[in-house]
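Good morning, and thank you for joining this group meeting. Please have the sequence and the structure in view while I speak.

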Amino acid sequence: PGSDTTLPYLCPMDHVFEVETWIREQPVEEAGPHIDFREYSFFQNHLVPSSVKDSTVTVSLVDECGRDECTQAMGKAAPGGKDTIVAAKNFTDVQVATLLEEYKDVKVLNFTSMVGAFGRFEDAADAKKFSNRIKRYAAIWCCKHKNPGHIWYDMEYDIVPHVDRHNRKWDDTERGKWRL
């Protein structure tokens, strides 16, 4: 309680995520497909083959596609063979799949920014499954300067309304009630 850790700091993954829960199998019908992760230093590891490191495409997002900024028309697949794809922000899951269909064999997608990279799921059932999965990933997080000195990290804090892992409903009126 009352940690004196100076924020921000390089935070280990297990300070925010329940890694054991993340790697445990979950029913696909409840939680959707498994989500893999890699350590932050993955590309610095000498054991990662060059066939992975060299199989890269950069995805750059813009607010909207005007003139010839984007590599493809809205809702279309990006043409294959490009080093960089430029696309408008806030794609749905189906639009992202369409955009990247020519790059399904590429090992690394390098987004220049994740802000606006994903807008929503088109199917409400898929959105619910994803929500169920990520709620289980969040861990208790330290270090605030108040008692008890930690909080439960809420993976959907910026989605209003939502219900957190403790079954608290968050809407505009509740947001202020639970503010740290």
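The side chains of D164 and R168 are joined by a polar contact of 2.7 Å. I should say at once that this is a predicted model. D164 is located in the loop that connects β6 (162-163) with β7 (169-170). Its side chain has a further polar partner, since one of its polar atoms lies 2.9 Å from the backbone nitrogen of H166. Is D164 buried or exposed? With a relative accessible area of 4%, D164 is buried, because the cut-off for that class is under 20%. Leaving aside residues up to four places away in sequence, D164 touches K135, D154 and W170.

Let me now step back to the protein as a whole. The protein has 180 residues, and 27% of them count as buried. It contains six helices and seven strands. Read from the N terminus, the order of the elements is α-α-α-β-β-α-β-α-β-β-β-β-α. Among contacts with a separation of 6 or more, 59% are between residues 24 or more positions apart.

A word on confidence is in order. The mean pLDDT of the protein is 85, and 89% of the residues reach 70 or more. Where is confidence lowest, and where is it highest? The lowest value belongs to helix α6 (residues 172-177), with a mean of 56, and the highest to α2, with a mean of 95.

I turn next to the strands, beginning with β1, which covers residues 56-62. Five of the seven residues of β1 are buried, so this strand is largely enclosed by the rest of the structure. Which strands pair with β1? One is β3 (residues 108-111), which runs parallel to β1 and is joined to it by four bridges. Within that pairing, T58 has N110 of β3 as its bridge partner. The other is β2 (residues 84-88), which pairs with β1 in the parallel sense over five bridges. Here S60 stands opposite V86 of β2, and V62 stands opposite A88 of that strand. β2 is itself mostly covered, with four of its five residues buried.

The next topic is the disulfide. A disulfide is a covalent bond between the sulfur atoms of two cysteines. How many does this model contain? The count comes to one disulfide. It is formed by C65 and C70, whose sulfur atoms are 1.7 Å apart. The torsion about the S-S bond of C65 and C70 is about -85 degrees, and the disulfide is therefore left-handed. The two cysteines fall into separate accessibility classes: C65 is partly exposed, at a relative accessible area of 29%, whereas C70 is buried, at 13%.

We come now to the aromatic rings. The count comes to seven aromatic pairs. One of them is F17 with W22: the ring centres are 5.0 Å apart and the planes stand at 80 degrees, so the pair is edge-to-face. W22 is buried, with a relative accessible area of 9%. Another pair is F42 with F43, with centres 5.2 Å apart; the planes stand at 75 degrees, and the pair is therefore edge-to-face. Of these two residues, F42 counts as buried at 18% relative accessibility, while F43 is partly exposed, with a relative accessible area of 39%. Ring pairs also link F17, W22, F37 and Y137 into a cluster.

Y137 leads to the last residue on my list, as it is one of the residues that Q26 touches. Q26 is found in the loop between α1 (19-23) and α2 (28-31). Why does Q26 count as buried? Q26 counts as buried because its relative accessibility is 9%, and the limit for that class is under 20%. The side chain of Q26 makes a polar contact of 2.7 Å with the side chain of R136. When residues up to four places away in sequence are not counted, Q26 touches T21, A31, R133, R136 and Y137.

To close, I would draw attention to two loop residues. D164 is buried and lies between β6 and β7, and its side chain is in polar contact with that of R168. Q26 is buried and lies between α1 and α2, and its side chain is in polar contact with that of R136. Thank you for your attention.

Technical notes. Residues are numbered from 1 along each chain as its sequence is written. Side-chain values use heavy atoms; hydrogens and water are left out. Buried means under 20% relative accessible area, exposed over 50%, partly exposed in between (1.4 Å probe, protein chains only). A polar contact is a pair of N or O atoms within 3.5 Å; within protein, one must be able to donate a hydrogen and the other to accept it, and residues adjacent in sequence count only if both atoms are side-chain atoms. Contact means heavy atoms within 4.5 Å. A disulfide is a pair of cysteine sulfur atoms within 2.5 Å. Two strands pair if DSSP finds at least two bridges between them. pLDDT is the predictor's confidence in each residue, from 0 to 100. Rings of Phe, Tyr and Trp (its six-membered ring) pair if their centres lie within 6.5 Å; planes under 30 degrees apart count as stacked, over 60 as edge-to-face and the rest as tilted.
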